[in-house]
Amino acid sequence: LKDPTFPLDTQFIALCDELGLLRRSTAETVAKTIAGSVMKPVRHALLGLAELAEASARTGLTAILHNAVPSAEHILGLARAMPSARLIAAHCNHPSFTSEEAVTTARLLRDAGVLIDVSTLDCISTHWRNTAENLDALISEGLVDTLSTDFAGGHWDGILEAVHRMVVAGQLSAPKAVALATGNVASVFGAFYDAGRLEVGKRADITIADNLNVSRVRHVIIGGRLVVQDGAIIGTAQNNDPVHRIPELPVRPSID
(Lines give C-alpha, C1' and ligand atoms only; values in the text may rest on other atoms or scores of the structure.)
Protein backbone atom coordinates (compact mmCIF):
# COMPACT_ATOMS: atom_id res chain seq x y z
CA LEU A 1 0.00 0.00 0.00
CA LYS A 2 3.02 2.26 -0.21
CA ASP A 3 4.33 4.05 -3.28
CA PRO A 4 5.05 1.57 -6.07
CA THR A 5 8.51 0.06 -6.21
CA PHE A 6 10.51 0.79 -9.33
CA PRO A 7 11.32 -0.50 -11.86
CA LEU A 8 7.69 -1.32 -12.64
CA ASP A 9 6.52 -4.74 -13.70
CA THR A 10 6.71 -5.15 -17.47
CA GLN A 11 3.13 -6.45 -17.57
CA PHE A 12 1.91 -3.28 -15.87
CA ILE A 13 3.72 -1.13 -18.41
CA ALA A 14 2.32 -3.19 -21.28
CA LEU A 15 -1.20 -2.85 -19.87
CA CYS A 16 -0.82 0.92 -19.58
CA ASP A 17 0.26 1.00 -23.21
CA GLU A 18 -2.63 -1.23 -24.29
CA LEU A 19 -5.09 1.10 -22.56
CA GLY A 20 -3.57 4.14 -24.27
CA LEU A 21 -2.42 5.70 -21.00
CA LEU A 22 1.15 6.20 -22.16
CA ARG A 23 0.09 8.66 -24.87
CA ARG A 24 -0.34 11.37 -22.25
CA SER A 25 1.49 10.05 -19.22
CA THR A 26 4.18 7.67 -18.03
CA ALA A 27 3.78 4.28 -16.40
CA GLU A 28 5.40 5.67 -13.25
CA THR A 29 2.83 8.48 -13.03
CA VAL A 30 -0.02 6.01 -13.54
CA ALA A 31 1.37 3.76 -10.80
CA LYS A 32 1.70 6.68 -8.36
CA THR A 33 -1.83 7.83 -9.15
CA ILE A 34 -3.19 4.36 -8.41
CA ALA A 35 -1.21 4.13 -5.18
CA GLY A 36 -2.38 7.57 -4.09
CA SER A 37 -6.09 7.19 -4.90
CA VAL A 38 -7.17 3.59 -5.31
CA MET A 39 -5.02 2.03 -2.63
CA LYS A 40 -6.07 4.38 0.20
CA PRO A 41 -9.62 2.95 0.33
CA VAL A 42 -8.11 -0.54 0.23
CA ARG A 43 -6.22 0.27 3.43
CA HIS A 44 -9.49 1.19 5.14
CA ALA A 45 -11.15 -1.93 3.75
CA LEU A 46 -8.45 -4.11 5.29
CA LEU A 47 -9.03 -2.40 8.64
CA GLY A 48 -12.69 -3.30 8.23
CA LEU A 49 -11.81 -6.95 7.71
CA ALA A 50 -9.84 -6.89 10.95
CA GLU A 51 -12.85 -5.43 12.78
CA LEU A 52 -15.04 -8.21 11.41
CA ALA A 53 -12.58 -10.91 12.48
CA GLU A 54 -12.32 -9.41 15.97
CA ALA A 55 -16.12 -9.28 16.26
CA SER A 56 -16.34 -12.91 15.17
CA ALA A 57 -13.76 -14.00 17.74
CA ARG A 58 -15.63 -12.07 20.44
CA THR A 59 -19.18 -13.17 19.61
CA GLY A 60 -18.73 -16.57 17.98
CA LEU A 61 -20.69 -15.39 14.95
CA THR A 62 -19.50 -16.10 11.43
CA ALA A 63 -17.86 -13.29 9.45
CA ILE A 64 -17.64 -13.19 5.66
CA LEU A 65 -14.47 -11.50 4.40
CA HIS A 66 -13.78 -10.24 0.88
CA ASN A 67 -11.01 -12.47 -0.47
CA ALA A 68 -8.91 -11.36 -3.44
CA VAL A 69 -5.25 -10.77 -4.16
CA PRO A 70 -5.12 -7.48 -2.15
CA SER A 71 -6.75 -9.05 0.94
CA ALA A 72 -5.83 -12.76 0.95
CA GLU A 73 -2.61 -12.41 2.93
CA HIS A 74 -4.36 -10.11 5.41
CA ILE A 75 -7.16 -12.65 5.97
CA LEU A 76 -4.60 -15.39 6.51
CA GLY A 77 -2.86 -13.28 9.12
CA LEU A 78 -6.15 -12.55 10.90
CA ALA A 79 -7.09 -16.24 10.96
CA ARG A 80 -3.74 -17.21 12.46
CA ALA A 81 -3.86 -14.39 15.02
CA MET A 82 -7.47 -15.11 16.05
CA PRO A 83 -8.06 -18.88 15.82
CA SER A 84 -11.39 -18.59 17.65
CA ALA A 85 -12.84 -16.40 14.88
CA ARG A 86 -15.24 -18.13 12.48
CA LEU A 87 -14.25 -16.77 9.09
CA ILE A 88 -15.43 -17.38 5.55
CA ALA A 89 -13.20 -16.25 2.70
CA ALA A 90 -15.70 -15.08 0.09
CA HIS A 91 -15.37 -15.79 -3.64
CA CYS A 92 -12.01 -17.57 -3.42
CA ASN A 93 -12.28 -17.97 -7.19
CA HIS A 94 -11.93 -14.18 -7.56
CA PRO A 95 -10.52 -13.23 -10.98
CA SER A 96 -7.60 -11.38 -9.42
CA PHE A 97 -6.12 -14.83 -8.71
CA THR A 98 -4.64 -17.16 -11.28
CA SER A 99 -5.94 -20.72 -10.91
CA GLU A 100 -2.70 -21.76 -9.22
CA GLU A 101 -2.87 -18.81 -6.83
CA ALA A 102 -6.52 -19.54 -6.01
CA VAL A 103 -5.70 -23.15 -5.08
CA THR A 104 -2.58 -22.28 -3.08
CA THR A 105 -4.37 -19.48 -1.21
CA ALA A 106 -7.39 -21.66 -0.45
CA ARG A 107 -5.19 -24.40 0.98
CA LEU A 108 -3.39 -21.94 3.27
CA LEU A 109 -6.65 -20.39 4.43
CA ARG A 110 -8.29 -23.75 5.08
CA ASP A 111 -5.25 -24.91 7.06
CA ALA A 112 -5.76 -21.80 9.20
CA GLY A 113 -9.39 -22.76 9.85
CA VAL A 114 -11.03 -20.45 7.30
CA LEU A 115 -14.01 -21.75 5.33
CA ILE A 116 -13.67 -21.51 1.56
CA ASP A 117 -16.48 -19.96 -0.44
CA VAL A 118 -16.72 -19.77 -4.22
CA SER A 119 -19.10 -17.59 -6.21
CA THR A 120 -20.84 -18.13 -9.51
CA LEU A 121 -20.06 -14.52 -10.46
CA ASP A 122 -20.76 -14.43 -14.22
CA CYS A 123 -18.44 -17.31 -14.97
CA ILE A 124 -20.88 -20.16 -15.61
CA SER A 125 -22.88 -19.10 -18.65
CA THR A 126 -22.86 -15.29 -18.95
CA HIS A 127 -19.07 -14.81 -19.28
CA TRP A 128 -19.41 -11.04 -19.14
CA ARG A 129 -15.96 -10.64 -17.57
CA ASN A 130 -15.13 -13.97 -15.95
CA THR A 131 -14.71 -17.63 -16.83
CA ALA A 132 -14.80 -20.73 -14.67
CA GLU A 133 -11.14 -21.81 -14.53
CA ASN A 134 -10.66 -20.76 -10.90
CA LEU A 135 -13.97 -22.27 -9.84
CA ASP A 136 -13.16 -25.55 -11.60
CA ALA A 137 -9.69 -25.69 -10.04
CA LEU A 138 -10.98 -25.22 -6.48
CA ILE A 139 -13.82 -27.72 -6.91
CA SER A 140 -11.51 -30.29 -8.48
CA GLU A 141 -9.07 -29.95 -5.58
CA GLY A 142 -11.85 -30.46 -3.03
CA LEU A 143 -11.25 -27.08 -1.45
CA VAL A 144 -14.78 -25.63 -1.46
CA ASP A 145 -17.10 -25.39 1.55
CA THR A 146 -19.89 -23.08 0.35
CA LEU A 147 -21.28 -21.71 -2.91
CA SER A 148 -22.67 -18.20 -3.37
CA THR A 149 -23.45 -15.80 -6.23
CA ASP A 150 -21.89 -12.33 -5.67
CA PHE A 151 -23.05 -9.31 -7.66
CA ALA A 152 -20.75 -9.51 -10.72
CA GLY A 153 -21.88 -6.11 -11.93
CA GLY A 154 -25.48 -7.32 -12.01
CA HIS A 155 -24.67 -10.20 -14.35
CA TRP A 156 -24.39 -13.04 -11.83
CA ASP A 157 -25.24 -16.61 -12.79
CA GLY A 158 -27.55 -18.75 -10.69
CA ILE A 159 -26.33 -21.13 -8.02
CA LEU A 160 -28.07 -24.08 -9.65
CA GLU A 161 -26.22 -23.31 -12.88
CA ALA A 162 -22.97 -23.89 -11.02
CA VAL A 163 -24.35 -27.02 -9.39
CA HIS A 164 -25.36 -28.38 -12.81
CA ARG A 165 -21.89 -27.65 -14.18
CA MET A 166 -20.22 -29.52 -11.32
CA VAL A 167 -22.44 -32.54 -11.76
CA VAL A 168 -22.19 -32.70 -15.56
CA ALA A 169 -18.42 -32.25 -15.42
CA GLY A 170 -18.16 -35.11 -12.95
CA GLN A 171 -16.52 -32.89 -10.34
CA LEU A 172 -19.05 -33.69 -7.62
CA SER A 173 -22.04 -35.91 -7.09
CA ALA A 174 -25.39 -34.11 -7.15
CA PRO A 175 -25.89 -34.37 -3.35
CA LYS A 176 -22.42 -32.97 -2.62
CA ALA A 177 -22.82 -30.15 -5.15
CA VAL A 178 -26.24 -29.18 -3.80
CA ALA A 179 -24.91 -29.30 -0.22
CA LEU A 180 -22.48 -26.47 -1.02
CA ALA A 181 -25.45 -24.10 -1.26
CA THR A 182 -27.78 -25.71 1.28
CA GLY A 183 -26.68 -27.96 4.15
CA ASN A 184 -23.13 -26.61 4.31
CA VAL A 185 -24.44 -23.05 4.56
CA ALA A 186 -26.91 -24.04 7.27
CA SER A 187 -24.09 -25.62 9.26
CA VAL A 188 -22.09 -22.38 9.18
CA PHE A 189 -24.84 -19.95 10.17
CA GLY A 190 -26.76 -20.73 13.34
CA ALA A 191 -29.82 -18.79 12.16
CA PHE A 192 -30.40 -21.50 9.52
CA TYR A 193 -30.58 -24.33 12.06
CA ASP A 194 -33.95 -25.48 10.72
CA ALA A 195 -33.15 -25.20 7.01
CA GLY A 196 -30.78 -26.59 4.42
CA ARG A 197 -31.56 -30.28 4.74
CA LEU A 198 -34.40 -32.63 3.92
CA GLU A 199 -34.88 -33.95 7.43
CA VAL A 200 -37.84 -34.53 9.72
CA GLY A 201 -38.59 -31.32 11.64
CA LYS A 202 -36.80 -28.99 9.24
CA ARG A 203 -38.66 -26.24 7.39
CA ALA A 204 -40.68 -27.49 4.43
CA ASP A 205 -38.85 -25.18 1.99
CA ILE A 206 -38.03 -27.37 -1.01
CA THR A 207 -36.85 -26.72 -4.56
CA ILE A 208 -37.43 -29.48 -7.11
CA ALA A 209 -35.27 -29.29 -10.24
CA ASP A 210 -35.14 -31.12 -13.55
CA ASN A 211 -33.21 -34.37 -13.21
CA LEU A 212 -31.42 -33.78 -16.54
CA ASN A 213 -30.75 -30.07 -16.04
CA VAL A 214 -30.40 -29.19 -12.37
CA SER A 215 -30.37 -25.48 -13.19
CA ARG A 216 -33.96 -25.71 -14.42
CA VAL A 217 -36.34 -25.31 -11.48
CA ARG A 218 -39.61 -27.24 -11.77
CA HIS A 219 -41.38 -26.69 -8.47
CA VAL A 220 -40.82 -24.63 -5.31
CA ILE A 221 -42.44 -25.26 -1.94
CA ILE A 222 -42.10 -22.59 0.77
CA GLY A 223 -43.35 -23.34 4.24
CA GLY A 224 -45.30 -26.27 2.88
CA ARG A 225 -47.08 -24.09 0.29
CA LEU A 226 -46.57 -24.78 -3.44
CA VAL A 227 -45.59 -21.42 -4.94
CA VAL A 228 -44.00 -22.53 -8.24
CA GLN A 229 -45.39 -25.35 -10.35
CA ASP A 230 -43.84 -26.49 -13.63
CA GLY A 231 -41.74 -23.32 -13.67
CA ALA A 232 -44.70 -20.94 -13.27
CA ILE A 233 -45.41 -18.86 -10.16
CA ILE A 234 -48.81 -19.86 -8.82
CA GLY A 235 -48.75 -18.33 -5.35
CA THR A 236 -46.73 -16.58 -2.68
CA ALA A 237 -45.62 -17.49 0.79
CA GLN A 238 -47.21 -15.13 3.32
CA ASN A 239 -45.19 -13.76 6.22
CA ASN A 240 -47.91 -14.72 8.67
CA ASP A 241 -48.24 -18.27 7.36
CA PRO A 242 -47.49 -20.95 9.92
CA VAL A 243 -44.10 -22.59 9.42
CA HIS A 244 -44.66 -26.09 8.12
CA ARG A 245 -42.08 -28.73 8.88
CA ILE A 246 -41.13 -31.90 7.05
CA PRO A 247 -43.25 -34.60 8.68
CA GLU A 248 -42.10 -38.01 9.75
CA LEU A 249 -43.47 -40.51 7.26
CA PRO A 250 -45.40 -43.47 8.65
CA VAL A 251 -43.49 -46.72 8.63
CA ARG A 252 -45.01 -49.24 6.26
CA PRO A 253 -45.39 -52.74 7.66
CA SER A 254 -43.04 -55.22 6.11
CA ILE A 255 -44.44 -58.07 4.06
CA ASP A 256 -42.82 -61.44 4.65
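## A tour from residues 71–227 outwards

Select residues 71–227 to begin: the C-alpha atoms at the two ends of this span lie 41 Å apart, and the span is 34% helix and 17% strand, where helices (H or I, at least four residues) and strands (E, at least two) are DSSP runs numbered from the N terminus. An unreviewed UniProt entry places the feature "domain: Amidohydrolase-related" at these residues; UniProt positions are given in the numbering used here, with feature names shortened, and such annotations may be inferred rather than shown by experiment. The model is a predicted one, in which local features need pLDDT of at least 70 and side-chain atom pairs count only at pLDDT 80 or more, while totals for chains, interfaces and linings use all residues. Residues are numbered from 1 along each chain as its sequence is written, and side-chain values use heavy atoms, with hydrogens and water left out.

Now show the whole chain, which has nine helices and eight strands, and whose C-alpha atoms fill a box of roughly 85 × 40 × 40 Å along the principal axes. Of its 256 residues, 33% count as buried; here buried means under 20% relative accessible area, exposed over 50%, and partly exposed in between, with a 1.4 Å probe and protein chains only. Among contacts (heavy atoms within 4.5 Å) with a separation of 6 or more, residues 24 or more positions apart account for 62%.

Next, select Ser 119, which lies in strand β3 (residues 115–119) and is buried, with a relative accessible area of 1%. Leaving aside neighbours within four places in sequence, Ser 119 is in contact with His 91, Asn 93, Ser 148, Thr 149 and Asp 150. With side chains displayed, look for the polar contact of 2.8 Å that joins Ser 119 and Ser 148; a polar contact is a pair of N or O atoms within 3.5 Å, and within protein one must be able to donate a hydrogen and the other to accept it, while residues adjacent in sequence count only if both atoms are side-chain atoms.

From β3, follow the loop that leads to α6 (133–140) and stop at His 127. This residue has phi near 55°, a positive value in a residue other than glycine, and His 127 counts as partly exposed because its relative accessibility is 44%.

Continue to α6, a mostly covered helix in which six of the eight residues are buried, namely Asn 134, Leu 135, Asp 136, Ala 137, Leu 138 and Ile 139. Adding α5 (99–111), β3 and α7 (159–168) to the selection shows the elements against which the buried residues of α6 pack. Just after α6, Gly 142 takes a positive phi of about 65°.

Move on to Asp 205, in the loop between α9 (183–188) and β5 (206–209), which counts as partly exposed at 37% relative accessibility. Beyond the neighbours within four places in sequence, Asp 205 is in contact with Ile 221, Ile 222 and Gly 223, and the side chain of Asp 205 reaches the backbone nitrogen of Gly 223 at 2.6 Å. Select Val 243 as well: its C-alpha atom is separated by 9.5 Å from that of Asp 205, although the two residues are 38 residues apart along the chain.

The last stop is Asp 230, in the loop between β7 (225–229) and β8 (232–233). Asp 230 has a positive phi of about 50° although it is not a glycine, and it counts as exposed, with 56% relative accessibility.
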